[in-house]
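Reader: I have a model on my screen and would like to get to know it piece by piece. Could you walk me through it?

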Amino acid sequence: MPTDAHPGPPDAHPGPLRVLVLGASLRAGSTNARLASLVGRMMTDATVNLAMMREFSMPMYDGDMEETQGLPDGALALRDRLEWCDAFVLSSPEYNASVPGVVKNAIDWVSRVRPQPFKTKHALLVSASPSLVGGNRGLWALRVPLEHLGTRVYPDMFSLAAAHQGFTEDGQLTDSALQQRLEETVTAFLRLVEADTRYVCLQRRWYEFPGDRTGAPVTQRAED
């Protein structure tokens, strides 16, 4: 698997797609970290940057802190990874049928950067949980802030139920049918990203509210 452990600034690159795959859990041995690793290994034709949420330490969002101290280093580091990639994958746990606080807090901090780095990025959401729904309710909640920020969240999501029993010793899924479905989802996602980032034939505009004027700023990709 091609890997870029220390991505640099964004640039025009004719090579493989760049994908950030983030295990969005702080817990050592997290099943979401294992799922993120599996997704990364499936992306054999992409340059994958595999990261864990503990790499991006940041306090709870505080507007006064932002005004006096600026954004914390962890938020800026995550911003750099997002600017580097063409697309990202979030493997997120579910807390009380919603988004883990650490994930929402990271989104809130990074969204304060200008230009805002979530805008127009493609994202695939996956989850792993010991529950029978595999953390799927958390993914539906996670779509809301990402789509509000302009992220193009892939319609299909993948949730691994009974995740504590879901992996083989070599990191594959114990259920071969689920393994195949995950591979098909990842492949389809990358094909969409490839088409949208490499073969753009239509200009696009992104609006936060339906009433925005037609003269609103176009996306970076449309400007190109």
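Reader: Let's start with one residue: at 36% relative accessibility, what does Ala97 count as?

Author: Happy to help; this is a predicted model, so local features need pLDDT of at least 70, side-chain atom pairs count only at pLDDT 80 or more, and totals for chains, interfaces and linings use all residues. Residues are numbered from 1 along each chain as its sequence is written, and side-chain values use heavy atoms, with hydrogens and water left out. Ala97 is found in the loop between strand 3 and helix 4, where helices (H or I, at least four residues) and strands (E, at least two) are DSSP runs numbered from the N terminus. Buried means under 20% relative accessible area and exposed over 50%, with partly exposed in between (1.4 Å probe, protein chains only), so at 36% Ala97 counts as partly exposed.

Reader: What is the phi of Ala97?

Author: Ala97 is not a glycine, yet its phi is positive. The value is about 65°.

Reader: Which pattern does the chain follow along the sequence?

Author: The chain has seven helices and six strands. Read in order, they give β-α-β-α-α-β-α-β-α-β-β-α-α.

Reader: What share of the residues of the chain counts as buried?

Author: The accessible surface comes to about 11,600 Å², with 52% of it belonging to carbon and sulfur atoms; the areas come from the Shrake-Rupley method with a 1.4 Å probe, and for residues only the protein chains shown count as cover. Among contacts (heavy atoms within 4.5 Å) with a separation of 6 or more, 78% are between residues 24 or more positions apart. Of the 224 residues, the buried share is 48%.

Reader: What volume does the largest cavity have?

Author: On a 1 Å grid over the protein atoms alone, a cavity is a set of points where a 1.4 Å probe fits but cannot get out, and lining residues have an atom within 4 Å of a point. Grid points are joined across faces, edges and corners, and a volume is the space filled by probe spheres set on the points. The structure holds one cavity of 30 Å³ or more. The volume of the largest cavity is about 100 Å³.

Reader: Which element gives the most to the lining of the largest cavity?

Author: The lining includes Leu20, Met53, Phe88, Val103, Ala106 and Ile107. Elements that give two or more residues to this lining are strand 1 (18-23), helix 3 (73-84), strand 3 (87-91) and helix 4 (101-110). With three residues, the element that gives the most is helix 4.

Reader: How do the residues of the lining of the largest cavity divide into nonpolar, polar and charged?

Author: Ala, Val, Leu, Ile, Met, Phe, Trp, Tyr, Cys and Pro count as nonpolar, Asp, Glu, Lys and Arg as charged, and the others, Gly among them, as polar. On that basis the lining divides into no polar, no charged and 12 nonpolar.

Reader: Which residue in strand 4 stands opposite Leu90?

Author: Strands pair if DSSP finds at least two bridges between them. Strand 3 runs parallel to strand 1 with five bridges, and Leu20 stands opposite Phe88 there. Strand 3 also pairs in the parallel sense with strand 4 (residues 122-128) over five bridges. In strand 4, the residue opposite Leu90 is Leu125.

Reader: How many residues of strand 4 are buried?

Author: In a regular strand the side chains alternate between the two faces of the sheet. In strand 4, His122, Leu124, Val126 and Ala128 are buried on one side, and Ala123, Leu125 and Ser127 on the other. Strand 4 is largely enclosed by the rest of the structure, because its buried residues number seven of the seven.

Reader: Which residue is joined to Arg114 by a cis peptide bond?

Author: The partner sits in the loop between helix 4 and strand 4. With omega of about 0°, the cis bond joins Arg114 to Pro115.

Reader: What is the relative accessible area of Thr120?

Author: Thr120 lies in the loop between helix 4 and strand 4. Although not a glycine, Thr120 has a positive phi of about 70°. Thr120 is buried, because its relative accessible area is 13%.

Reader: Last one: is Leu132 buried or exposed?

Author: Leu132 belongs to the loop between strand 4 and helix 5. Its C-alpha atom is separated by 9.7 Å from that of Ser159, 27 residues apart along the chain. With a relative accessible area of 83%, Leu132 is exposed.

How values were computed: On a 1 Å grid over the protein atoms alone, a cavity is a set of points where a 1.4 Å probe fits but cannot get out, and a pocket is an open set with protein on both sides within 12 Å along at least five of seven lines; lining residues have an atom within 4 Å of a point.
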